[in-house]
Amino acid sequence: MSKNYDITILCKVVDNFGDIGFVYRLAKNLHKINPHYEIRLIVNDLEAFQKIAPKINLDCAEQIFCGMKIFYSQEEEICKAEFSKNLPSVILECFQCGRPKWLDEILFASQSQEKKCEQNGEKIFQIINIDYLTAENYAEEFHCLKSGTRSAFVKKVNFMPGFTAKTGGLILDEPFIANWHGNFEKKQNAEKCVNSNCDKNARNYEPRKILIFSYPKNFLPILRAFHKFCDNDSSQIQIFLAQGIGKESFLECYRKFRDSQKFDLSQIQFSELEFLSQEDWDEMLLQMDLLFVRGEDSLARACLCGTPFVWNAYPQKTSQDENYHLVKVRALLEKMRPHFSESEFAALEKFWLVYNESACDISCEKKLEEACFEFLSQAHNLKRGCEKFSESLFALGNFSEKLDAFIQDLQNF
């Protein structure tokens, strides 16, 4: 039977919306799964939160939203008063965000620990570290692994999202699943129509919808590949550009491409999206034929969509390797490989790796253009492999339900 736990969730917004996107989705899903939870969400950036949840009030350091309490972490006096009075039981520390100084003072103060012992027989504070999503093998090694703190009254354990049965999997929230089923049926019906020749030119007349959500990069080779693909396939492309830090670099490249007077852009339509709520963003992803994504939450949704996609990993450099982030890219590719034929996967792998390389000289531009064109040409064939990968992730179960069960099993708080 579910216990009535207080769940405190910590979120430090670092990269626009990936962090808060995951945390917001998790909080809603936990509340849906277990209405007994009293959820308090501590976030350092209400403006970023409001972009995906428009009803968040920027002027309130403490507010109730979607059945949970939201606290702005920078308002130390308000937060410290609340959490000193109502001590946290379970703390979800997301993405190694660290804890606010005022919260650490509460957790490790001797009087708080004494008070904790007196409340309902609970003896400790339990911190669950929810790490970044990764396909690397260490996710399995760290999942449910305990780690130490400087107090016997404060326990800490890791809980890893991931792509295998030995991790927590991905969040499968009801609004996304409902949209997924609806859009999957629409796309299946459209595919049947094309295959049965009820409109043999349907694929040519219907623009291929492509979402661009990326870190800043040189998009000129991508746009040249788009144009070449349209010419070769007698088709049209409709680009949807998302808000975020990569938007301006795409717009700059698009203007250069448009003004070069070398290309006829009549086959390439372009729309700049407004900021979308998380629910509308999910719906947008599911309507696309091809996805360019970045960030924790959007990567997870792209994997579940069953739509061909390319992931722009967060750029990471070391003194020895300016493309260190390719380790994460290759790890995810290996999880996807079994679901594709060898020739299909070769096009996918080539484009992912080139797209994520830091170098951008003329030779690299040519390589990126060719890889993108090959990827576009194979996109229709890649769809089944992406659907199979999606099915494998759904089969792992819901991250939130696994986390809920894990919390219920914790003993000696």
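This briefing looks at one residue, one pocket and one pair of packed helices. The structure is a predicted model, and every value below was computed from it. The residue is F394, in helix α15; the pocket is the second largest one, with a volume of about 430 Å³; and the helices are α1 and α16, which pack at an angle of about 65°.

**Residue F394**

- F394 belongs to helix α15, which covers residues 362-394, and with a relative accessibility of 21% this residue counts as partly exposed.
- Once neighbours within four places in sequence are left aside, F394 is in contact with L172, F176, I177, W180 and L304.
- One of these partners, I177, is 217 residues away from F394 in sequence, while the C-alpha atoms of the two are 9.8 Å apart in space.

**The second largest pocket**

- The lining of the second largest pocket is made up of 17 residues, and those nearest its centre are Y132, Y215, E296, Y314 and K328.
- Two elements, α1 (18-33) and α12 (296-305), each give two or more residues to this lining.
- Sorted by class, the lining holds nine nonpolar, four polar and four charged residues.

**Helices α1 and α16**

- The axes of α1 and helix α16, the latter spanning residues 399-409, lie 9 Å apart, and α1 passes α16 in a right-handed crossing.
- On the α1 side the residues that meet α16 are F22, L26, N29, L30 and I33, and on the α16 side they are F399, S400, E401, L403 and D404.
- By class, this contact comprises six nonpolar, two polar and two charged residues.

Conventions:
Residues numbered from 1 in each chain as written. Predicted model: local features only at pLDDT ≥ 70, side-chain atom pairs only at ≥ 80, totals over all residues. Heavy atoms only, no water. Helix = DSSP H or I, 4+ residues; strand = E, 2+ residues; numbered from the N terminus. Buried < 20%, exposed > 50% of the residue type's maximum accessible area, 1.4 Å probe, protein only. Contact = heavy atoms within 4.5 Å. 1 Å grid on protein atoms, 1.4 Å probe; cavity = no way out; pocket = protein on both sides within 12 Å on 5 of 7 lines; lining within 4 Å. Points joined across faces, edges and corners; volume = space filled by probe spheres on them. Nonpolar A, V, L, I, M, F, W, Y, C, P; charged D, E, K, R; others polar. Axes fitted to C-alpha atoms, helices over the stretch in contact; angles between N-to-C directions. Left-handed = near helix turned anticlockwise from the far one by under 90°.
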